[in-house]
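Reader: I should like to go through this model with you and ask on what grounds each term is applied. Please set each value against its criterion.

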Amino acid sequence: SGDFRQAGGGYRVDDLHLQTDRSEVRLTAAYVQSTAPATVTAHVEGTPLNLAEWSGIVPALAPSAITPTFTLDARGPVNALELKGSAADQRAGKIDLNVVLDLDSPRQGIKGSIDIRRFDLQPVTGDPALKSRLNVSARVDVSAPADRISIQSMSGSFSVTADDVAFAEYRAEHVDASGRLDRGRASPDIRADAYGASTKGQAVV
């Protein structure tokens with residue numbers, strides 16, 4: 001159920017409600033083209049969203065065993081579009097997102113933070129080899145030319161902090177990494193505390 005219409009130099013979706021046996025999603029959104037640049041206001045929530053249920057549309061979701069609840073809000077002009085959201089699943093953990101997107105400049109980019117808590121890749125992917133416990137905070141400020149957006153064309157800065165991390169047979173108490181990205185090539189400074197020892201280093205990726 002819901003209402004979609006063209007109005008006021010743009011488009012609106014009011015209280016779109018999609019419910020299946022295992023999922024429930026609601027969306028309200030407005031896209032206004034009469035301003036320069038265009039603006040977006042949107043709110044979408046899943047209470048919950050069973051990922052495997054949508055494998056007929058996205059086959060890669062078939063092995064997933066998670067049913068997260070999530071919210072995502074978008075607000076602002078397309079050259080400074082704020083995105084704030086969170087997703088949580090009892091088995092897989094929680095992700096919080098707070099970023100600003102520039103989708104309307106010669107260089108398009110993303111700036112902000114992503115926080116991951118108690119994240120386990122095993123129930124997400126269905127692969128026991130990816131059993132993990134990830135507690136990670138990442139900050140990014142990267143951009144790329146609008147006509148050729150890819151990892152290889154991105155430049156900017158990043159920082160990552162991880163605590164109490166486990167992935168497969170690897171463990172780390174604390175990891176810090178920060179650096180620059182130059183056309184897809186990263187040069188991070190890394191400090192890690194693992195197995196009771198500390199190490200520092202610089203890598204080029």
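Reader: Which residues make up the largest nonpolar core?

Author: In this predicted model, the largest nonpolar core consists of ten residues: A29, A38, V40, A42, A74, V78, L81, L83, V99 and L101. Two or more of its residues come from each of β4 (39-46), β6 (81-89) and β7 (93-102). Another core, of seven residues, lies apart from it, and V25, L49, L51 and F70 are among its members.

Reader: What makes such a set of residues a nonpolar core?

Author: The term requires buried residues of nonpolar kinds, joined through side-chain atoms within 4.5 Å. A29, V40 and L83 are among the ten residues that make up the largest such set, and they therefore count as buried, that is, under 20% relative accessible area.

Reader: With which residues is V40 in contact, beyond its neighbours within four places in sequence?

Author: V40 is in contact with A30, Y31, A74, R75, G76, V78 and L81. Contact here means heavy atoms within 4.5 Å, so each of these residues satisfies that limit with V40. A74, V78 and L81 are also listed in the largest core.

Reader: Why is E24 called buried?

Author: The relative accessible area of E24 is 17%. The limit for a buried residue is under 20%, and E24 is therefore called buried. E24 belongs to strand β3 (residues 24-32).

Reader: Which residues are in contact with E24, leaving aside its neighbours within four places in sequence?

Author: H17, L18, Q19, E45, G46, T47 and P48 are in contact with E24. For P48, the separation from E24 is 24 residues in sequence, while the C-alpha to C-alpha distance is 5.7 Å.

Reader: How do you know that β6 and β7 pair?

Author: Pairing requires at least two bridges between the strands. β6 and β7 have nine bridges, in the antiparallel sense, and therefore count as paired. Within this pair, L83 has V99 in β7 as its bridge partner, and both L83 and V99 appear in the largest core. Three residues form the hairpin connection from β6 to β7.

Reader: What joins β7 to β8?

Author: Nine bridges join β7 to β8, and the two strands run antiparallel. L97 stands opposite I114 in β8. β7 and β8 also form a hairpin, with four residues between them.

Reader: On what grounds are β8, β9 and β10 said to pair in turn?

Author: Strand β8 (residues 107-119) and strand β9 (residues 132-145) share eleven bridges in the antiparallel sense, with V136 in β9 as the partner of I116. Between β9 and strand β10 (residues 155-167) there are ten bridges, again antiparallel, and R139 is partnered by S159 in β10. Both counts satisfy the requirement of at least two bridges, so each pair qualifies.

Reader: How many helices and strands does the protein have, and in what order do they run?

Author: The protein has one helix and 13 strands. From the N terminus, the order is β-β-β-β-β-β-β-β-α-β-β-β-β-β.

Reader: What values describe the protein as a whole?

Author: The C-alpha trace spans about 60 × 45 × 25 Å along its principal axes. Of the 205 residues, 33% are buried. The accessible surface is about 12200 Å², and 56% of this belongs to carbon and sulfur atoms. The mean positions of the 22 positive and 26 negative charges are 4 Å apart.

Methods: Residues are numbered from 1 along each chain as its sequence is written. This is a predicted model: local features need pLDDT of at least 70, side-chain atom pairs count only at pLDDT 80 or more; totals for chains, interfaces and linings use all residues. Side-chain values use heavy atoms; hydrogens and water are left out. Buried means under 20% relative accessible area, exposed over 50%, partly exposed in between (1.4 Å probe, protein chains only). Accessible areas come from the Shrake-Rupley method with a 1.4 Å probe; for residues, only the protein chains shown count as cover. Lys and Arg count as positive and Asp and Glu as negative; His and the chain ends are not counted. The place of a charge is taken as NZ of Lys, CZ of Arg, CG of Asp or CD of Glu.
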